[in-house]
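Reader: Hi! Could you walk me through this structure while I have it open on my screen?
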Amino acid sequence: MQKNYDNKELELICMILNFGLASKAIKLAKKNGVLGATVFLGRGTIKNRILEFLEINDSRKEIVLMIAEKATAYKALEALNKDLALHKPNHGIAFTFSVANLWGSKEYQKQDSQVQQDNNKRGGENTMYQAIYTIVDRGNAENVISAANKAGARGGTIINARGSGIHETQTLFAMQIEPEKEMVLIISKNTLTEAIVASIREELSIDEPGKGIIFVLDVNKTYGLY
C-alpha cells in the first residue's frame, strides 16, 4: 500500500565519500529506512601533503544521493556519521537539501498544493552552509576550484558527467548534463558564497554565452565539514 507523503517534508542526502565506501553507506542507510540511492563518481581536490608524500593519496570519490522523509533522513545521517566516523577529518562529508517535489517516485511524490505549503514553511529557515554548483566544459573544473580557493573555499568535488557515447546525456537534479561537461560542487559558509561565486564568474567568464552556469542551494544539515 502506497504511503501518503503529502504532509511530510522530504530531504535529499548528499554524501561525498572515499572510493569504495558507497555500498557500505547505502546498506546502512537502508537499515535506517532509506529506500534507495544513486551513486556518481567524482574526484576530490583538497590536498593532504603527508599522503601525497607517501604516494597513497587517492582522490577518487563516490557521491551518494538519497531521498527520504526528513525524520528518516536525519536518523540515517546520525547512524552514518557514527559508523563512517564523518566527525573525523578526511572521512567524508554529508549534507542535506530540502526537496520540494520528486517526479518518477510514487513513494514520495506530493500534490502540487502541498509543495507550495512546504516552500512557504521553509522560507524563514536560516542555513550556515550553501552548496555552489558550477557546470563547465570538460577540462575547466580545476580552474573553477582555483578561482574558488582564491576567494576562501577549501576545495571541492569534481563530478565527471561524461556518458559512454558522445550523444548521450546524464541527468542530475533534473538538469541534463552533456557528456563533455564537468560539474564542480563546493560547500561554503554562506558568508563566503558571494565572494566565491564572483571569483568563479570572473575567472571563467561565466557571464559570456556558453562558458558555463552556476547555481547555489541552501544546505540544511552537515557532517564532516571543518
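Author: Happy to, and keep in mind that this is a predicted model. A good place to begin is a pair of residues in the sheet: Ile159 has Met183 in β9 as its bridge partner.

Reader: Which strand pairs with β9 there, and over how many bridges?
Author: That is β6, residues 157-160, and the two strands pair in the antiparallel sense over four bridges. Strand β9 also runs antiparallel to β5 (residues 129-137), and nine bridges join those two. If you want one residue to click on, Thr134 has Val184 as its bridge partner in β9.

Reader: OK, so how many residues of β9 are buried?
Author: Eight of the nine residues in β9 (181-189) are buried, so the strand is largely enclosed by the rest of the structure.

Reader: Zooming out, what's the strand order in the sheet?
Author: The sheet is open and has nine strands, in the order β10-β5-β9-β6-β2-β3-β1-β4-β11, with antiparallel pairing.

Reader: And which strands stand at the edges?
Author: Those are β10 and β11 (222-223); each has a single partner strand, so one side of each is left without a neighbour in the sheet. For β11, the pairing with β4 is antiparallel and has two bridges. Within that pairing, Phe95 has Thr222 in β11 as its bridge partner.

Reader: Changing topic: how many aromatic pairs are there?
Author: The structure has three. In one of them, Phe97 and Tyr133 are tilted, with 6.4 Å centre to centre and 50° between the planes. Phe97 belongs to β4 (residues 93-99) and Tyr133 to β5, so this pair ties together parts that are 36 residues apart in sequence.

Reader: Are those two buried or exposed?
Author: Both Phe97 and Tyr133 are buried. Tyr133 also pairs with Phe215, and here the rings are stacked: 4.9 Å centre to centre, with 10° between the planes. Since Phe215 is in β10 (residues 213-219) and Tyr133 is in β5, that pair ties together parts 82 residues apart in sequence. Phe215 is buried as well.

Reader: Nice. Which residues do the ring pairs link into a cluster?
Author: The cluster is made up of Phe95, Phe97, Tyr133 and Phe215. You met Phe95 a moment ago as the bridge partner of Thr222.

Reader: What about charges sitting over rings? Where should I look for Arg60?
Author: Look at Phe19: the charged end of Arg60 sits over that ring, 4.1 Å from its centre. Another case is Lys221, which lies over the face of Tyr74 at 4.8 Å from the ring centre.

Reader: Let's do helices. Which residues of α5 are buried?
Author: In α5 (residues 141-150), they are Ala141, Val144, Ile145, Ala147 and Ala148. Looking down the helix axis, these fall within an arc of 165°, so they line one face of α5.

Reader: Why would residues a few places apart point the same way?
Author: An α-helix has 3.6 residues a turn, so residues three or four places apart point the same way.

Reader: Got it. What covers the buried residues of α5?
Author: The cover includes β5, β6 and β9, along with helix α6 (190-204). Just for orientation, α5 is followed by Gly152, which has a positive phi near 110°.

Reader: Last one: which strands does α1 lie across?
Author: Helix α1 (residues 22-31) lies across β1 (10-18), β2 (38-44) and β3 (60-69), and runs at about 15° to β3.

Note on methods. Residues numbered from 1 in each chain as written. Predicted model: local features only at pLDDT ≥ 70, side-chain atom pairs only at ≥ 80, totals over all residues. Heavy atoms only, no water. Buried < 20%, exposed > 50% of the residue type's maximum accessible area, 1.4 Å probe, protein only. Pairing = 2+ DSSP bridges. Phe/Tyr/Trp six-rings, centres within 6.5 Å; stacked < 30°, edge-to-face > 60°. Lys NZ or Arg CZ within 6 Å of the ring centre and 35° of its normal. Arc of directions from axis to C-beta. Contact = heavy atoms within 4.5 Å. Axes fitted to C-alpha atoms, helices over the stretch in contact; angles between N-to-C directions.
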